[in-house]
Amino acid sequence: MFRKLPEPAGLTVTVTVDGDALRVPASLSAAAVVLLHGGVSRTTPVSGSPRAPYCMMGVCFDCLMEIDGVQNRQACLVQVADGMRINAQGGARKVPR
Ligand code: FES
């Protein structure tokens, strides 16, 4: 469904999305990587419905994900970095006690 426009060869990084290692351009956001991977960014807290990044500009909050162990990160506002771990977030954020 989503296809990346061609861009000049540049720096790439390795990230994992839900455990799958991917080599991606360093210019992408974590949300863009999830869309290219065909994944889900989160499930809703009430019904468990799957969600994917939508607005790609920090407005809709459908891209909330766990990035490098931190929950509720807006993946569309986070640029990928080498070794980044990106995981779908299931339901509401866990509150540490
Ligand atoms: S995709 Fe809408 S806030 Fe990130």
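Phenylalanine 2 has a relative accessibility of 46% and therefore counts as partly exposed, since that class lies between the buried limit of 20% and the exposed limit of 50%. In this predicted model, phenylalanine 2 sits in the segment before S1. Together with Met1 and Leu36, Phe2 makes a nonpolar surface patch of about 400 Å².

From the surface the description turns to the interior. In soluble globular proteins, nonpolar side chains tend to be buried together. Here the largest nonpolar core has 20 residues. Strand S1 (12–17), helix H1 (30–37) and strand S5 (64–67) each supply at least two residues of this core. H1 gives the largest share, five residues. Val15, Met84 and Ile86 are the residues with the most contacts inside the core.

Valine 15 shows how these contacts are distributed along the chain. With neighbours within four places in sequence left aside, valine 15 is in contact with Met84 and Ile86, the two residues named beside Val15 for the most contacts inside the core. The other contacts of valine 15 are Asp20, Ala21, Leu22, Val24, Val33, Val80 and Ala81.

Glutamine 89 is a further residue to inspect, in strand S7 (residues 85–90). Its relative accessible area is 5%, so glutamine 89 is buried; the limit for that class is under 20%. Not counting residues up to four places away in sequence, glutamine 89 touches Ser41, Arg42 and Thr43, then Leu64, Met65 and Glu66, and also Gln71 and Asn72.

Technical notes. Residues numbered from 1 in each chain as written. Predicted model: local features only at pLDDT ≥ 70, side-chain atom pairs only at ≥ 80, totals over all residues. Heavy atoms only, no water. Helix = DSSP H or I, 4+ residues; strand = E, 2+ residues; numbered from the N terminus. Buried < 20%, exposed > 50% of the residue type's maximum accessible area, 1.4 Å probe, protein only. Contact = heavy atoms within 4.5 Å. Core = buried A, V, L, I, M, F, W, Y, C linked by side-chain atoms within 4.5 Å. Patch = residues over 30% accessible without salt bridge, like charges linked within 9 Å, V, L, I, M, F, W, Y side chains within 5 Å. Areas by Shrake-Rupley, 256 points an atom, 1.4 Å probe, with all protein chains shown as cover. Salt bridge = Lys/Arg side-chain N within 4 Å of Asp/Glu carboxyl O.
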